[in-house]
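Colleague: I should like to learn how to read the features of a structure. Could you please take me through one example, step by step?

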Amino acid sequence: MEEGALSKPLAAVACAAMALSYVAILYAPTLVLRLPPPPLYKDFMIRRFICAATSSLVSVVFCYLILPMRSREISYFLGVLGIRMDHIWQAVVFPLSLTCLMYAGSLVLKTLLLIDSFSIYANSSGDTSFGCIKYALKSLLDWGLSITSNILAWRNYVVAPLTEELVFRACMVPMLLCGGFKISSVIFLCPVFFSLAHLNHFMEVYSKQNYNFIKSSLAVGFQLGYTLIFGSYASFLFIRTGNLLAPLVAHVCCNFMGLPVLFSRSKGIVSAAFLAGMVGFLWLLFPMTHPDLYNDRTNNCKCWHGYCSWNEPLKSSL
């Protein structure tokens with residue numbers, strides 16, 4: 001595919017259609033098929049999981065049909081989507097480590113709270129160090145079991161990251177680049193579609209805020225701002241690494257950690273850790289996402305898919 005083989009309007013409309021379909025299919029059982037709501041919340045979420053998987057499959061098939069690739073082999077197409085078996089540990093370890101730097105304050109706070117809880121347990125039970133270790137391992141096991149049996153955990157850490165990254169990164173980034181959008185524009189546009197797809201949460205927030213429009217708008221606006229920032233970061237990771245695992249592990253990490261902790265009233269070390277983490281994040285952002293770390297298949301470009309030329313538009317073909 002030569003640069004601009006897809007027109008910019010067509011690429012943008014295609015991405016908007018994928019974002020719209022991702023949300024629309026979630027509500028299709030109720031609004032289109034007129035199915036009654038499931039009696040149990042777990043059944044409702046399972047239905048949502050099936051809808052999210054369906055919408056992702058629709059986007060993948062749509063991309064396969066519309067992207068002007070030079071090969072229609074499935075293995076080649078999966079490579080365009082960043083679904084690869086090579087450089088797996090690099091695509092997991094480096095982006096995960098980089099993302100954790102943003103949460104240095106949160107991690108320090110969690111560690112301090114964990115130490116405090118162990119100290120309280122040791123003082124109250126009079127147990128030995130070995131007993132404290134057993135207590136810690138049991139607590140960790142109980143926590144792991146509660147996570148695996150929690151339907152919301154499956155949504156936040158498995159289904160949502162996997163389907164959203166597949167649609168809003170793996171499908172949309174190649175589509176926009178094929179349309180001739182500059183990389184900097186793609187990093188901005190993908191999160192816009194990603195944020196707009198979260199507008200469906202407005203009614204949920206609206207009901208929780210006792211149907212207060214202003215409070216609901218502020219809450220949703222804050223959420224959209226956060227998804228815009230994260231979406232830019234995830235698009236950056238995908239473009240730099242060419243591997244879908246990179247934004248996927250970052251997405252899971254961010255969902256697990258929530259908003260970064262900037263400070264703690266009684267623990268100044270948390271603020272220091274946050275600042276140090278952000279400095280480290282900015283310092284290592286480009287070195288730890290350098291395309292050479294994630295690719296061997298170079299063809300007149302440092303990145304195998306030709307997306308990583310930052311100062312020039314896309315030249316190579318898909």
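**Reading a predicted model**

Modeller: Let us begin with one residue: V279 counts as exposed because its relative accessibility is 56%. Here exposed means over 50% relative accessible area, buried means under 20%, and partly exposed lies in between (1.4 Å probe, protein chains only). V279 lies in helix α12, residues 268-284. Its C-alpha atom is separated by 8.6 Å from that of L101, which is 178 residues apart from V279 along the chain.

Please note that this is a predicted model, in which local features need pLDDT of at least 70 and side-chain atom pairs count only at pLDDT 80 or more, while totals for chains, interfaces and linings use all residues. Residues are numbered from 1 along each chain as its sequence is written, and side-chain values use heavy atoms, with hydrogens and water left out.

Colleague: How many helices and strands does the protein chain have?

Modeller: Helices (H or I, at least four residues) and strands (E, at least two) are DSSP runs, numbered from the N terminus. The protein chain has 12 helices and 0 strands.

Colleague: Which residues have the most contacts inside the largest nonpolar core?

Modeller: In soluble globular proteins, nonpolar side chains tend to be buried together. A nonpolar core is a set of buried Ala, Val, Leu, Ile, Met, Phe, Trp, Tyr and Cys residues joined through side-chain atoms within 4.5 Å. The largest one here has 63 residues, and those with the most contacts inside it are M18, L67, F168, M172, M175, V186 and Y233. Several helices each supply at least two residues of this core, including α1 (8-31) and α8 (183-196). Helix α7 gives the most, with 13 residues.

Colleague: With which residues is M172 in contact, leaving aside its neighbours within four places in sequence?

Modeller: Contact means heavy atoms within 4.5 Å. With those neighbours set aside, M172 touches C15, M18, A19, V167, C190 and F193.

Colleague: Is C190 buried or exposed?

Modeller: C190 is buried, because its relative accessible area is 0%.

Colleague: What is the count of disulfides?

Modeller: A disulfide is a pair of cysteine sulfur atoms within 2.5 Å. By this rule the count is 0. For C190, the nearest cysteine sulfur is that of C15, 6.0 Å away. For C254, the nearest is that of C253, at 5.6 Å. C254 also counts as buried, since its relative accessibility is 6%.
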